[in-house]
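Please examine the chain shown here. An exchange between a visitor and a guide accompanies it.

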Amino acid sequence: MRIRGVMALAASAAIVVGACSSNGGSTAPSSTAAASAAPTAAASAPASGAPTAAAPSAAAPAYTVGEGEGALNLIAWAGYVVGGTGGEQVTGYDWVTPFETETGCKVTVKVGLDSGNMVQLMKTGQYDGVSASGDATLRLIAGGDVAPVDFNAIPNYADVFEGLKNQSYNTVNGVGYGVPHGRGANVLMYDPTVVTTAPDSWGPVFAADSPYKGKVTAYNYAIYIADAALYLMKTQPALNITNPYALDKDQLAAAVALLKTQKGLIGKYWGTAQEEIDGFANGDMAIGTAWQYQANTLNAPGGKKVEVVKPKEGATGWSDTWMISSKAAHPNCMYKWMNYIISPKANADVTVYFGEAPVSAAACAEAEKQSAGHCDTFHATDESYWTDVYYWNTPTVSCLDGRGDICTDFDAWTQAWTEITGA
C-alpha cells in the first residue's frame with residue numbers, strides 16, 4: 001500500500017508498502033477488490049477507540065509456545081524484515097540474525113507488492129505470518145486466513161502502548177488478531193518558500209481557489225479517499241460522516257466530487273516516499289499529504305527545508321499488524337517472532353530504520369540510543385497526538401460506524417479512485 005521509511009532510499013527495488021490510521025493504517029491500498037464477506041463492525045472512533053465487530057470466532061484459544069520448528073516464512077512490507085538467513089539484505093542493518101540465533105527459526109521473507117497481493121499470498125497457506133496494513137486486516141480475518149492470537153503467549157505485548165491495542169482494524173468482538181509493528185500519521189507537508197503563510201487546515205489542498213494550483217500533491221491510492229472524507233467530516237457536518245472509512249453512496253459521492261476538484265490542483269500524485277521527496281526537492285511539489293519520513297529526509301543537512309503540521313481537522317494514519325496464518329506450518333516460530341518484533345531492541349531497530357513510532361516506552365528508550373529525539377519526532381509517547389488520527393481501515397459494506405449494510409466497500413473505492421485519477 002505504500003513505501004515508507006529508509007527503504008525508499010536504501011533499496012533500488014523498493015516496494016509500495018501497505019500501511020494504517022489511529023483507527024486503521026499501513027501500505028498503499030491495492031486495486032484488488034475487498035473481501036465481500038467482511039466482518040460487521042460497530043462504531044469506530046479515533047486511535048483510543050476499541051470498536052467491535054462480528055468475529056469469525058468467539059474467543060482466542062489459549063496457546064502454549066513450544067520449541068521453534070526451525071523455519072519461519074513471512075510476507076512483509078519492504079524494510080520490515082532485514083538481515084538474517086532470508087531477510088532483505090541491507091548493508092549495516094540486521095535485526096533478524098539475533099532472532100534466528102535465539103530461536104533457531106530461520107527466516108525467509110517475501111516482500112509484498114501491495115495489500116491485495118499480500119491477501120492473495122496469505123490465501124495460499126504457504127506463509128506463517130504477514131505484516132498487514134489496515135486495508136487488508138479485516139479482509140484476512142473475514143476470509144479465515146489469519147487466526148486470533150493469545151496475548152498471554154506474547155509477553156512483550158503487555159508493554160505496548162494502550163493506544164495501539166484493541167483497534168478496529170485488527171480486533172473483532174474483543175478478539176485480537178495480531179501485534180502492532182509501529183504507527184505514523186499522514187501529515188500536511190509544505191515548502192515554506194512557496195507556502196509563506198503556515199497552514200493549519202487541509203483546505204489549501206482541496207479548495208478550488210487554492211493559490212498552490214499545480215504544486216499540490218496527494219497520495220496515489222484509493223485509501224486517500226478517506227483523507228477527503230475526513231476533511232468533509234469536519235467541514236460539512238450535514239453529510240453526517242462519523243468515520244472516514246464508513247461512507248454510504250452519497251458520502252462517497254461527496255468525497256469523489258471533492259477529489260475531482262482537487263485533481264485540478266494536482267501537479268503530480270505520489271505513490272512512493274521517494275517520488276514525493278524528489279518532487280519537493282526539485283520544486284514540482286509544494287504542499288500535500290506526507291509521512292514524517294519524507295520531511296525528515298528533506299530536512300537533512302543540505303536538503304530542502306520543509307515544514308509539517310497535523311491540521312486542525314485531524315489526519316489519517318497507519319499502524320501495521322503482524323498476524324499469524326490460520327494454516328501456519330511453523331506457529332511456534334511465528335509466536336516467537338510476534339514477541340520478538342515488539343521487544344525493545346528489535347522494535348527500535350526496525351522503527352528507526354523505517355521511520356515510524358515505536359510501540360512501547362522501552363522501545364523508545366532503545367530508539368533514543370540510535371537516533372536522539374526519534375520518539376518525540378514521531379510522537380510515540382504522546383497519546384493525545386493520536387486522538388484525532390484515524391488509522392487506515394478496510395471499507396466494508398457493513399458500515400464501520402455501525403449503521404448497517406449501507407456502506408461502500410474497498411472495491412467501490414478502488415473504482416472511484418480510477419474515475420478520479422483517470423487511471
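The questions below concern the whole chain and then a few of its helices.

Guide: This is a predicted model, in which local features need pLDDT of at least 70 and side-chain atom pairs count only at pLDDT 80 or more, while totals for chains, interfaces and linings use all residues. Residues are numbered from 1 along each chain as its sequence is written, and side-chain values use heavy atoms, with hydrogens and water left out.

Visitor: What percentage of the residues in the chain is buried?
Guide: Buried denotes under 20% relative accessible area, computed with a 1.4 Å probe and protein chains only. The chain has 423 residues, and the buried share is 61%.

Visitor: How many residues of helix α6 are buried?
Guide: Helices are DSSP runs of H or I with at least four residues, numbered from the N terminus. Helix α6 spans residues 225-235 and is mostly covered. Its buried residues include I225, L230 and M233. They pack against α7 and α14, among other elements, and the buried count in α6 is 9 of 11.

Visitor: Why are α7 and α14 described as roughly parallel or otherwise?
Guide: Axes are lines fitted to C-alpha atoms over the stretch in contact, and angles between N-to-C directions run from 0 to 180 degrees. Helix α7 (residues 249-263) and helix α14 (residues 410-421) pack at about 25°, with axes 9 Å apart. Angles under 35 degrees count as roughly parallel, so α7 and α14 are roughly parallel.

Visitor: Which residues of α7 meet α14?
Guide: Contact means heavy atoms within 4.5 Å. On the α14 side, the residues met include W413, W417 and I420. Those of α7 are L252, V256, L259, K260 and K263.

Terms used: Helix = DSSP H or I, 4+ residues; strand = E, 2+ residues; numbered from the N terminus. Parallel < 35°, antiparallel > 145°, perpendicular 65-115°, else oblique. Buried < 20%, exposed > 50% of the residue type's maximum accessible area, 1.4 Å probe, protein only.
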